Amino acid sequence: MEKPILYYSTNRRAEPVTFREALLKGLAPDKGLFMPQSIPALSGKEIAGFSGQAYHEIALAICRKFLHGQIPDSDLAALTLDAYDFPVPLEPVSGRQYVMRLDQGPTASFKDFAARLMGRLINYYLLQGNEKLLILTATSGDTGSAIANAFYGLDNIQVLVLFPEKEVTARQRKQMTTLGGNVSVIAVDGKFDHCQALVKEAFSDPELAHLRLSSANSINIGRLVPQIVYYFYAYSRLCRQAAEPAIFSIPSGNFGDMMGGVLAMRMGLPVKRLIIATNENDEFPGFVSSGAYQPIEPSRNCISSAMNVGHPSNLARLIDLYGGSMDEKGHISRMPDMERLRRDIFAVSITESETRQTIRSAYEEQRLLLEPHGAVGWAGLQKYLAQEEQAPDQLCVALETAHPAKFPEEIRSILGFDPPLPPSLEGIEDRKESSLAMANDYPRFKDFLKKNYS
Ligand SMILES: *Cc1c(COP(=O)(O)O)cnc(C)c1O
C-alpha cells in the first residue's frame, strides 16, 4: 500500500499534514500555502486513455492520485460525478486554436470547477466527524458566488463572503446576495486586496481560533487539485497523436488556475508553453523578465476585475515549485530557477485598450464572443504566437473563465448587444438581495465575527 501524500507549508515552519487536514485548514499555521510533498506522475498510456472518459472520470483519475488513502475511490467517484454535471465546450476558432469555455457551471465562472469539488470534499469530511466550519472568503467577484453556491444548503457549514463594494458587477453581486440560508455577505468599502487582508488577519488572530475558520479561497489545496483536471480534459479531446505538445493560455489573477496548469505539466501533460496573461496588474510579467518582484499596491482597476490582483496569493506556490522561497508578504528569500521558469512559462500583460480591442476583433473577425478575462487570455496567446514561430498545426487552447453574460455592460459598449444569458443566470434579476455594508476596518470585522459566530 502506497503511503498517502503529505502536504507541507511553503514557509516550511509547520509540520506536513494529510490532505484532509490541509483541506480543512486552508492556510498553514505558519501562514504558508500547502503543497504536495510529491507530485504524482501519469503515464502516457493513462493520458491517452482519457480520450474515452467523461470529465468526471478524468477528475477522479487525477484527484485520487493526490487523495489516495484519504478517501475511498467509490466515495470520491460519487463526489466528482455530482460536482461535474455540466458541459465543457471546446470551441474551434481557427486552425487548431481553441477556446475552452469553463463557464457552464452554476455561477458561469471557471471557479465552479474548483469550488464544487472542494465543497463536496469538505462536507464529506465534516459529516464523518460531525464537525462544523465557518468558511471565510474574500472575493473580487467570481470566487464568492462560486463558493457560496458550492456550500449553499450544507448543514455543517456557514459561509461568510467579503467583496469590494465597488469592484463587482451587479450580476456578480446578485449571485452572492440572493442566496440567503447559510450564506452571509459583507460589502466592504475598499478593494479586493483589503478584503483579502481582513480575511487573512482573522485567520491568524488567536482570539478567533475557537471559530474554526477555513478559507475557501484560491489558496486552499482543495481548489488547486481540481484545477489540474481541465487541462488534461482539453488535451484528451484535442490531441491528434501521443505526446503532441500543447500551448495553453491562462488569464490570471491569483494564479490558482495557472498552478493547475503547472501541476498538470509536472504530472506529465505534454505542454509546450503555458502563457500567463495578466491585465495591467503586471507584477508577474515584470518579475519573469527582470527577476525583481514588485507587488502592485493598490491593485489597478481593470475591466477584467477578477484579475485585479497586485500580489497573487498563489505565487508563493509557483516560486516553491521552481526551487525558490517566497513568504506571504511577497519577499523572496531564495530565487527560483528562472531559466526553467522562463522555458515553461511565457508571461504577458494585456492593456485595457488591447482587451477591448480583442473583444471587438475576435467577434468581428471570427465570431468568437469573449468577455474581458477570456479576452486577456486570447490576446496573450496571439502575442505569444506573433513573437515565436510555430508549426502550422500547433495545438493552442485559450481558457475562457467566465460567461460573457456576466459582463453585459462591457460587451454592450464594445459590441453593441447584450450577450444571451446562460441557464444558470436566468431569473436572478428578480430575486431579493441581502448584504451588510462595512468599512475596511479590522476591529469592526472582528467584532462582527465574535458577535455572530461564537
Ligand atoms: C478568478 C478569475 C480569474 C483568475 O483566476 P486565478 O486563478 O485567480 O488566476 C480569471 N477569470 C475569471 C472570470 C475569474 O473569476
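In this model, helix α6 passes helix α7 in a left-handed crossing. The contact between α6 and α7 is made by Asp142, Gly144, Ser145 and Asn149 on the α6 side and by Gln172, Gln175 and Met176 on the α7 side. Please keep in mind as you look around that the model is predicted. Below you will find the helix pairs, then two sheets and the helices that lie across them.

**Helix α6 and its partner α7**

- Helix α6 covers residues 142-151 and helix α7 covers residues 170-177; their axes come within 8 Å and cross at roughly 25°.
- Because of that angle, α6 counts as roughly parallel to α7, the cut-off for this being under 35 degrees.
- By residue type, the contact of α6 with α7 divides into one nonpolar, five polar and one charged.

**Helix α6 and its partner α5**

- Helix α5 (residues 111-129) also meets α6: the two axes come within 8 Å, with a crossing of roughly 35°.
- Here α5 passes α6 in a right-handed crossing.
- From α5, the residues Lys111, Asp112, Ala115, Arg116, Met118, Gly119, Arg120 and Ile122 take part, and they meet Asp142, Thr143, Ala146, Ile147, Ala150 and Phe151 in α6.
- The residues of this α5 and α6 contact divide into seven nonpolar, two polar and five charged.
- Asp142 of α6 is worth a click in your viewer: it appears in the contact with α7 and in the contact with α5.

**The five-stranded sheet**

- Five strands form an open sheet with parallel pairing, and their order is β8-β5-β6-β7-β15.
- At the edges stand β8 (213-215) and β15 (436-439); each has a single partner strand, so one side of each is left without a neighbour in the sheet.
- From one strand to the next, the twist in this sheet averages 30°.
- Strand β5 (residues 133-138) runs parallel to β6, and six bridges join the two.
- To find your place in the pairing with β6, look for threonine 137, which stands opposite valine 161.
- Strand β5 also pairs with β8 in the parallel sense, over three bridges, and there leucine 134 stands opposite leucine 213 of β8.
- Strand β6 (residues 157-164) is largely enclosed by the rest of the structure, because seven of its eight residues are buried.
- Helix α18 (residues 442-453) lies across β5, β6, β7 (183-189) and β15, and runs at about 160° to β6.

**The six-stranded sheet**

- Another open sheet is formed by six strands in the order β3-β4-β14-β9-β10-β13, and its pairing is mixed.
- Its edge strands are β3 (90-94) and β13 (345-349), each of which pairs on one side only.
- The twist of this sheet averages 25° from one strand to the next.
- Within the sheet, strand β4 (residues 97-101) and strand β14 (residues 395-400) run parallel and are joined by five bridges.
- A handy landmark is valine 99, whose bridge partner in β14 is alanine 398.

**Helices across the six-stranded sheet**

- Helix α10 (residues 226-238) lies across β3, β4, β9 (246-251) and β14, running at about 135° to β14.
- Helix α11 (residues 256-267) lies across β9, β10 (271-278), β13 and β14, and its direction is at about 170° to β10.
- Strands β9 and β14 are among those crossed by α10, and both are also among those crossed by α11.

Definitions and conventions:
Residues numbered from 1 in each chain as written. Predicted model: local features only at pLDDT ≥ 70, side-chain atom pairs only at ≥ 80, totals over all residues. Heavy atoms only, no water. Axes fitted to C-alpha atoms, helices over the stretch in contact; angles between N-to-C directions. Helix = DSSP H or I, 4+ residues; strand = E, 2+ residues; numbered from the N terminus. Parallel < 35°, antiparallel > 145°, perpendicular 65-115°, else oblique. Left-handed = near helix turned anticlockwise from the far one by under 90°. Contact = heavy atoms within 4.5 Å. Nonpolar A, V, L, I, M, F, W, Y, C, P; charged D, E, K, R; others polar. Buried < 20%, exposed > 50% of the residue type's maximum accessible area, 1.4 Å probe, protein only. Pairing = 2+ DSSP bridges.
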